[in-house]
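Subject: Handing over the model

Hi,

Here is the structure I promised to pass on. Have a look at it first, and then read my notes below.

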Number of protein chains: 4
Amino acid sequence: MRTARTPTDPAAGCQGEEKWQTLYPSGRYSRAITMFRLDRDTTYLMPAHFGGDPFDPSYQARQKARMLTVTFETDRAELERYIPEELELRAPEVQVALSQLTEINWLAGGHYNLVSVSAPVRFAGDVDRVDAPYALVVWENRTAPILTGREQTGVPKIFADIEDLHVHRPHYATSVSYEGNTFLTMTFEAGDPLAGADLDRAKAAFGPLDTIGWRYIPKVGAPGADLSQFILFPQAMEVDRVYPGTGTLTWTELSPMQNPRQHHIIRALASLPVKRMIGSMLAEGEVVLRGAEARILR
Amino acid sequence: MRTARTPTDPAAGCQGEEKWQTLYPSGRYSRAITMFRLDRDTTYLMPAHFGGDPFDPSYQARQKARMLTVTFETDRAELERYIPEELELRAPEVQVALSQLTEINWLAGGHYNLVSVSAPVRFAGDVDRVDAPYALVVWENRTAPILTGREQTGVPKIFADIEDLHVHRPHYATSVSYEGNTFLTMTFEAGDPLAGADLDRAKAAFGPLDTIGWRYIPKVGAPGADLSQFILFPQAMEVDRVYPGTGTLTWTELSPMQNPRQHHIIRALASLPVKRMIGSMLAEGEVVLRGAEARILR
Amino acid sequence: MRTARTPTDPAAGCQGEEKWQTLYPSGRYSRAITMFRLDRDTTYLMPAHFGGDPFDPSYQARQKARMLTVTFETDRAELERYIPEELELRAPEVQVALSQLTEINWLAGGHYNLVSVSAPVRFAGDVDRVDAPYALVVWENRTAPILTGREQTGVPKIFADIEDLHVHRPHYATSVSYEGNTFLTMTFEAGDPLAGADLDRAKAAFGPLDTIGWRYIPKVGAPGADLSQFILFPQAMEVDRVYPGTGTLTWTELSPMQNPRQHHIIRALASLPVKRMIGSMLAEGEVVLRGAEARILR
Amino acid sequence: MRTARTPTDPAAGCQGEEKWQTLYPSGRYSRAITMFRLDRDTTYLMPAHFGGDPFDPSYQARQKARMLTVTFETDRAELERYIPEELELRAPEVQVALSQLTEINWLAGGHYNLVSVSAPVRFAGDVDRVDAPYALVVWENRTAPILTGREQTGVPKIFADIEDLHVHRPHYATSVSYEGNTFLTMTFEAGDPLAGADLDRAKAAFGPLDTIGWRYIPKVGAPGADLSQFILFPQAMEVDRVYPGTGTLTWTELSPMQNPRQHHIIRALASLPVKRMIGSMLAEGEVVLRGAEARILR
């Protein structure tokens with residue numbers, strides 16, 4: 001076995017280990033001299049035995065974002081079929097949001113796209129009473145954030161190919177597909193960007209993005225759950241520009257052979273009646289995720 | 001919102017729901033008339049609220065497989081740094097195995113590739129005493145099996161692009177890369193296929209594929225784990241053909257900017273000294289996974 | 001600039017230059033000591049100045065193939081709109097054929113997929129009188145054969161993503177898409193493989209694959225052509241197995257924004273009426289292309 | 001065959017045919033009532049029989065561009081091996097330029113990346129005397145512009161995967177790979193953006209991008225060329241921002257089995273000695289291609 005240790009290391013000359021340790025702290029680089037043992041102050045993801053990151057409660061994941069949202073009113077009973085009974089549906093509304101993320105700090109400048117589908121809920125437990133969007137499903141075109149989202153914060157992320165926005169001003173379009181089978185297309189025709197008080201109102205409206213997810217980890221070799229928790233994930237968008245406009249959503253149902261693991265999700269969403277379009281908007285800015293402040297709702 | 005319910009449903013004419021229910025049983029199709037409630041006999045993955053599958057202890061995941069393995073001896077102390085102290089390293093050996101999987105029943109005939117890296121260990125607990133390969137890391141080029149593998153059976157799967165084998169007989173080659181950065185290439189030069197008693201011995205040797213994984217699910221908003229379990233995952237290969245031959249592995253370390261979430265894993269594996277090549281082999285047949293029989297080791 | 005000359009050369013140990021020179025002959029490796037000059041006996045493709053291959057009239061491109069064909073009768077006038085008037089449409093029939101190609105010798109063991117759409121024509125010129133399928137369009141998911149096909153033999157190849165066949169026996173399915181937008185799905189339900197005289201007849205029917213293409217190279221900075229030639233490209237399939245069965249085609253038209261360069265082609269094909277399904281078949285074997293014997297029809 | 005004519009047509013509501021006809025003029029939509037016949041004022045690409053575009057000498061292809069250039073001095077004799085003797089090498093310099101293109105008008109808002117390698121030459125013919133960069137090779141990650149570039153203007157474009165820039169300010173990085181095998185990585189560390197007179201000078205220096213290409217179309221079934229022409233392709237960049245900085249290039253040679261059609265090109269470029277780094281720069285703006293004004297040099 002030949003090992004080429006550093007043939008292609010573009011960052012070698014420009015960023016020392018000290019620098020990267022702020023993102024990927026020392027746990028990953030320390031030399032154990034015995035077998036692997038977990039460190040008490042460290043956060044791990046599988047595979048844990050190659051090391052984790054020191055838990056830093058102040059850590060913020062930051063990224064540039066272009067977000068296109070389309071919101072509509074649907075039938076309450078139809079939507080409630082997909083809302084766990086531990087929650088309360090505050091309004092029979094669904095928001096579909098495409099986010100094109102770039103310059104992601106925790107991916108060292110990488111990028112990916114996501115499409116989230118959510119509905120406004122209330123969690124009213126013994127301790128907590130929280131109003132926030134509930135993540136029905138989030139498609140992402142990159143696996144790393146799917147794993148962190150599911151395992152750390154209970155966001156129900158699954159994979160799809162999500163085309164970068166095609167931009168032929170004022171027209172925007174994207175398509176979401178699975179192994180060559182399109183199941184959602186979004187289009188948007190932008191109006192003039194907001195300014196003045198309109199922009200301020202939009203910034204205030206778009207800014208808070210706290211989300212409720214349901215982390216569900218199954219038992220091994222048996223039905224039921226080893227973990228079943230509702231989690232509040234604090235996040236926000238620092239909005240720079242907002243374009244109102246006209247958006248469309250077009251769902252195409254897929255057969256089990258076209259999408260064996262997701263066809264029932266697509267069917268459920270495609271079947272929700274659209275009683276009224278509430279609005280569409282394109283926002284540009286920076287999204288901040290405070291995953292270390294996520295907490296289990298009780 | 002326009003919804004095209006069945007424009008592209010190639011399977012519609014040829015396979016009824018009855019058929020698919022053997023793979024994706026009735027839970028996914030039943031109509032709830034209230035809010036979502038978990039069913040006691042069902043297995044779910046996130047998002048759970050769109051429904052799960054009835055737990056079937058006899059279910060077998062089956063797929064055609066072409067598997068290329070390269071095994072080498074390394075330094076015990078170097079390897080033990082990545083073996084949890086709850087386990088015992090039975091030999092300082094590492095096996096790297098590429099599997100090209102097709103006609104996968106639980107993906108309705110889909111396909112994907114994986115590269116697993118494992119070492120032979122013993123779990124000797126209060127109850128169980130098991131010898132099996134320990135999965136150090138498994139790269140896969142499809143997200144769906146990454147999610148089931150991690151969440152249901154603790155296999156430490158992460159994403160990479162894995163090229164289908166290039167086959168210019170007797171030469172085989174593949175490359176494993178992350179966002180355009182190659183970190184592992186494998187080549188193989190095949191000899192004549194085994195026959196007779198040699199083939200029988202190889203079938204017996206290759207057949208059992210039971211694996212030990214470490215399912216680790218972190219706490220929310222804190223260091224440490226909510227779940228930390230060693231799991232035995234029963235699997236086997238029904239071998240049809242075996243080609244002995246000469247294999248090579250070439251690792252290329254990546255910078256944090258090239259692979260921010262995996263560079264430490266690649267560095268660890270690339271740094272393991274190769275004291276001796278043990279052997280290389282190409283096997284073709286069918287792999288059977290009995291995930292419903294997976295169990296937590298105690 | 002750092003140059004890593006041979007860090008990842010899996011073939012280095014197993015195949016010498018002598019060997020590769022049979023595929024990529026010496027022109028590519030010879031050292032010129034002056035400026036670049038074309039060699040008289042060499043075939044070049046752009047960029048020519050890095051060298052070409054000695055022209056070898058006996059060279060055969062060989063590859064394993066799994067081919068799924070669906071043939072239907074359409075309206076003659078509708079189809080003739082896309083048949084150049086230099087040709088004669090022999091029957092108002094269209095064949096759509098998916099080919100999944102592996103172990104391709106001229107790609108050193110690589111693989112790709114194509115979907116061809118053709119109609120049976122006659123070229124009756126001053127010199128030649130040839131009956132063969134006319135290639136209306138060929139989508140391929142690999143650029144290298146698109147370039148050779150267009151520039152060397154006038155096959156009108158363009159790019160699409162073409163999913164490897166999903167195989168859930170007896171069901172087969174694939175989808176063809178462009179930047180996330182599905183425009184063609186094909187399914188097939190296989191019957192029992194042919195045997196005996198039926199197989200022999202199918203081998204004879206499937207074997208000849210000679211194709212007529214129209215090489216059209218535009219003028220620079222002006223309308224019209226610098227080259228406009230009908231070319232006969234000799235090819236054949238050595239058939240091993242044939243499965244009759246039932247196939248389906250489903251076209252989905254795309255908007256200019258979804259597929260700006262091909263939407264009119266898809267619309268044309270999707271608009272052809274299906275008067276009668278003629279037949280569907282799945283064949284496995286080896287395809288041989290004799291590109292060096294291609295010739296301009298006169 | 002089922003045909004779904006308009007299930008996923010996001011642009012249907014927002015842009016009429018009139019609008020698209022400015023990009024894809026009427027030829028594509030006109031109804032012929034006989035067999036296909038070429039129109040005298042139309043430009044076609046294969047397949048021609050589905051229609052072309054009216055030739056418009058004023059048409060400009062426009063796109064947003066982020067361009068990263070790294071320029072170095074090399075050995076004259078080594079470089080001249082790849083310069084056709086019809087040209088004169090003005091300086092032994094090579095420029096490698098990554099361009100990330102978005103909002104491309106002729107792709108209806110689509111996007112793609114390219115990496116061009118060029119050297120400064122003079123064409124001094126019977127009629128023309130032109131100084132411009134000569135395109136040694138251009139890798140692109142989208143096939144459509146590869147085809148137009150090769151066939152219309154002789155730019156020697158071939159395919160590679162080119163990762164969007166990872167941006168972790170002030171660090172930029174990308175990798176260029178073929179079927180999972182990295183052969184070029186580029187990094188850049190940006191300084192402060194230019195302003196005032198420095199920016200004006202940079203705009204003037206970066207603006208003109210006219211390029212010389214060599215259109216070479218082989219004979220059919222014989223060595224030699226049917227077309228062999230040097231072409232001047234007028235293009236320019238309207239520069240908005242320029243960042244000077246420090247760039248690196250790292251080439252990795254590939255084996256014939258890793259990249260059967262391009263390994264000799266990569267080897268040639270990787271073998272060019274770097275005598276001196278001349279400079280690196282990141283520019284953002286808009287690129288304008290005037291393909292209809294391209295002309296054959298004589």
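What follows is a run through what turned up, starting with one pair of chains and ending with some backbone details.

Before anything else, keep in mind that this is a predicted model.

**Chains C and D**

I began with how these two copies sit relative to each other. Chain D lands on chain C after a rotation of 180°, with 0.0 Å of shift along the axis and an RMSD of 0.0 Å. The two copies are therefore related as by a two-fold rotation axis. If you want a landmark for that axis, go to D:T143: within chain D, its C-alpha is the nearest to the axis, at 3.2 Å. Both copies also use the same surface, since 100% of the contact residues of chain D recur in chain C.

How much area do chain D and chain C bury between them? The figure is about 10000 Å², with 60% of it on carbon and sulfur atoms. Each side brings plenty of residues to the contact: 112 from chain D and 112 from chain C.

On the polar side, eight salt bridges are counted between chain D and chain C. If you'd like one to look at, D:R37 and C:E85 join their side chains in a salt bridge, with N to O at 3.1 Å. There are also 25 residue pairs in polar contact across this interface, with both residues at pLDDT 80 or more.

Which element of chain D gives the most to the side that touches chain C? That is helix α3 (residues 143-153), with eight residues. Sorted by class, this side of chain D comes to 63 nonpolar, 25 polar and 24 charged residues.

**Aromatic pairs**

Over all chains, the structure holds 40 aromatic pairs. One of them is C:Y82 with D:F50, a tilted pair with 5.0 Å centre to centre and 35° between the planes. This pair crosses between chains: C:Y82 is in the loop between α2 (76-80) and β5 (87-89) of chain C, and D:F50 is in the loop between β2 (42-43) and β3 (53-54) of chain D.

**Salt bridges overall**

The count over all chains is 80 salt bridges. Here is one from within chain A: A:D198 and A:R201, whose closest N and O atoms are 2.5 Å apart. Both belong to helix α4 (residues 196-206) of chain A, and because they are three residues apart there, about one helical turn separates them.

**Backbone details**

A few spots to check in your viewer:

- A:M46 and A:P47 are joined by a cis peptide bond, with omega at about -10°. You will find A:P47 in the loop between β2 (42-43) and β3 (53-54) of chain A.
- C:M46 and C:P47 are likewise joined by a cis peptide bond, omega being about -10°. C:P47 sits in the loop between β2 (42-43) and β3 (53-54) of chain C.
- B:A108 has a positive phi, near 55°, in a residue other than glycine. Its place is the loop between β6 (93-104) and β7 (110-124) of chain B.

Over to you!

Cheers

Technical notes. Residues numbered from 1 in each chain as written. Chains lettered and ligands numbered in written order. Predicted model: local features only at pLDDT ≥ 70, side-chain atom pairs only at ≥ 80, totals over all residues. Heavy atoms only, no water. Least-squares fit on C-alpha atoms with pLDDT ≥ 70 in both. Contact = heavy atoms within 4.5 Å. Buried area = accessible area lost by both parts, 1.4 Å probe. Salt bridge = Lys/Arg side-chain N within 4 Å of Asp/Glu carboxyl O. Polar contact = N/O pair within 3.5 Å; in protein donor to acceptor, adjacent residues only side chain to side chain. Helix = DSSP H or I, 4+ residues; strand = E, 2+ residues; numbered from the N terminus. Nonpolar A, V, L, I, M, F, W, Y, C, P; charged D, E, K, R; others polar. Phe/Tyr/Trp six-rings, centres within 6.5 Å; stacked < 30°, edge-to-face > 60°.
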